[in-house]
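Reader: I would like to learn how to read a protein model feature by feature, beginning with the interior and then turning to cysteines, backbone geometry and helix packing. Could you take me through one, giving the general idea before each case?

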Amino acid sequence: RAPDLTTPSTMASQVFAINAPVLAKSSFKGSSAGLKAARAPTAARVATVTKASGTDYGLGLEMKTTKEKSMKAGRAPVPLELEDMPLPLNTFKNKSPFTGTVKSVERIVGPNATGETCHIIIEHGGKMPFWEGQSYGVIPPGTKVNSKGKEVPHGVRLYSIASTRYGDEFDGKTATLCVRRATYWDPEKNAEDPEKKGICSNFLCDAKPGQEVMMTGPTGQVMLLPKDPATPVIMVATGTGIAPMRSYYRRFFVEDVKSWEFKGLAWLFMGVANSDAKLYDDEIQECVKRFPGQFRVDYALSREQNNSKGGKMYIQDKVEEYKDQVFQLLDGGAHMYFCGLKGMMPGILTMLEGVCKEKGINYEEWLEGLKEKGQWHVEVY
């Protein structure tokens, strides 16, 4: 076990000191965002694949960056009355949804990304507030025929919110979604089959400014941040699973919230296929530059990097490289957050079980202990 380190913030700085040489050689590049696709039909989700690269759906192939528009030179002033807001839960329900308005839609991946991911800002005018780590539901327009042959409205799809409660414009009147366009590539036709595309993700990615969006929520308590801003936070994300993590690091490092000033260490592990598929990397690098002693980022680029065994570098391989530091932080009270496709978790859990075995720790007891103490947060889809 790790030595008994007095406070989370002391511990964080010690872990940084321990790992300074490794930290120096870490390389971080990229840019993009985070979707939490919700209750899409299971069959459709299994069949949904995205054409590898180079497909222009109308937004071009250029990677739009967000730092210039959504970060100030220093910490951004925000309407602090939102700090006193009780946790909102299910303010708007399926039968009486809120009508939001799309403000902007931008492609935030490069031409060689595996599919298209969009940064979508929705105006709610302060009428649909939320906390960091929550999700909105989106009801796409139109109807479907259900299993009983009846025509019914489309169901709700859940998306993790990719901004803080203050939004990208720091006024508490917008929220950001990070959405990957779901398409189906038919290998026999060697073309996309529009009949099998994701209804909600394509509706959002194709939306123009002014488009109305029917929304429910906010929902969710699993991914809320620790109450103590000195608690170290370890974030493990794949693809659009970056969404809640973006809300965290912006709260930590971008906004001026003196009543909740982050004192801990924030460590982001981010897994994507290649450099063009990185999400929000311009913002992330700026935060690392401004707060080098508190924020670090390690990427797992499965099509560009190899793990220690010579295979593809997946997210669990990158976390395993820093197993001693990660376990030390968790021993000291750090919270660990996971978000992305559900297929990420088996590899991560198998890796952690192996590390426990190496260290002579009972894996089941160790994991159960983290859950009981509220240090373990998982939202996968």
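Author: This is a predicted model. As a general idea for the interior, nonpolar side chains in soluble globular proteins tend to be buried together. Here the largest nonpolar core holds 46 residues, and the members that touch the most others are Met245, Phe252, Phe253, Leu268, Tyr280, Ile284 and Phe295.

Reader: Which helices and strands each supply at least two residues of this core?

Author: Two helices do so, H6 (242-253) and H7 (281-290), together with the strands E11 (233-238), E12 (266-272), E13 (295-301) and E14 (335-340). The largest share, 7 residues, comes from H6.

Reader: What is Ile284 in contact with, once its neighbours within four places in sequence are left aside?

Author: The contacts of Ile284 are then with Tyr249, Leu268, Leu279, Phe295, Val297 and Tyr299. There is also a second, separate core, made up of 27 residues, and among them are Leu265, Val319, Tyr322 and Leu330.

Reader: Turning to the cysteines, how many disulfides does a search of the whole structure find?

Author: The general idea is that a disulfide is a covalent bond between the sulfur atoms of two cysteines. In this model the search, which covers the whole structure, finds 0 of them.

Reader: Why is Cys118 not bonded to Cys205, which has the closest cysteine sulfur?

Author: The two sulfurs are 3.5 Å apart, and this is too far for a bond, because a disulfide requires a pair of cysteine sulfur atoms within 2.5 Å. Cys205 is accordingly in no disulfide, the sulfur of Cys118 being the nearest cysteine sulfur to its own.

Reader: Are these two cysteines buried or exposed?

Author: Cys118 counts as buried, at 0% relative accessibility, and Cys205 is buried as well, with a relative accessible area of 1%.

Reader: For the backbone, which peptide bond is cis?

Author: It helps to begin with the usual case: most peptide bonds are trans, and most residues other than glycine have a negative phi. In this model a cis peptide bond, with omega of about 0°, joins Gly217 and Pro218, and Pro218 lies in strand E10, which covers residues 212-219.

Reader: Where is Asn90 found, and what is its phi?

Author: Asn90 is found in the loop between helix H4 (67-70) and strand E1 (98-107), and its phi is positive, about 55°, although it is not a glycine. Asn90 is partly exposed, with a relative accessible area of 36%. Asn190 likewise has a positive phi, near 55°, and sits in the loop between strand E8 (185-186) and strand E9 (191-192), where Asn190 is exposed, with a relative accessible area of 55%.

Reader: For helix packing, at what angle do H10 and H11 pack, and how far apart are their axes?

Author: A pair of helices can be read from the angle, the spacing and the residues that meet. Helix H10 (residues 344-359) packs against helix H11 (residues 363-372) at about 115°, with the axes 9 Å apart, and the crossing is right-handed.

Reader: Which residues meet there, and how do they divide by type?

Author: From H10 come Leu349, Leu352, Glu353 and Cys356, and these meet Tyr363, Glu364, Trp366 and Leu367 of H11. By type, the residues of this contact divide into 6 nonpolar, no polar and 2 charged.

How values were computed
Residues numbered from 1 in each chain as written. Predicted model: local features only at pLDDT ≥ 70, side-chain atom pairs only at ≥ 80, totals over all residues. Heavy atoms only, no water. Core = buried A, V, L, I, M, F, W, Y, C linked by side-chain atoms within 4.5 Å. Buried < 20%, exposed > 50% of the residue type's maximum accessible area, 1.4 Å probe, protein only. Helix = DSSP H or I, 4+ residues; strand = E, 2+ residues; numbered from the N terminus. Contact = heavy atoms within 4.5 Å. Axes fitted to C-alpha atoms, helices over the stretch in contact; angles between N-to-C directions. Left-handed = near helix turned anticlockwise from the far one by under 90°. Nonpolar A, V, L, I, M, F, W, Y, C, P; charged D, E, K, R; others polar.
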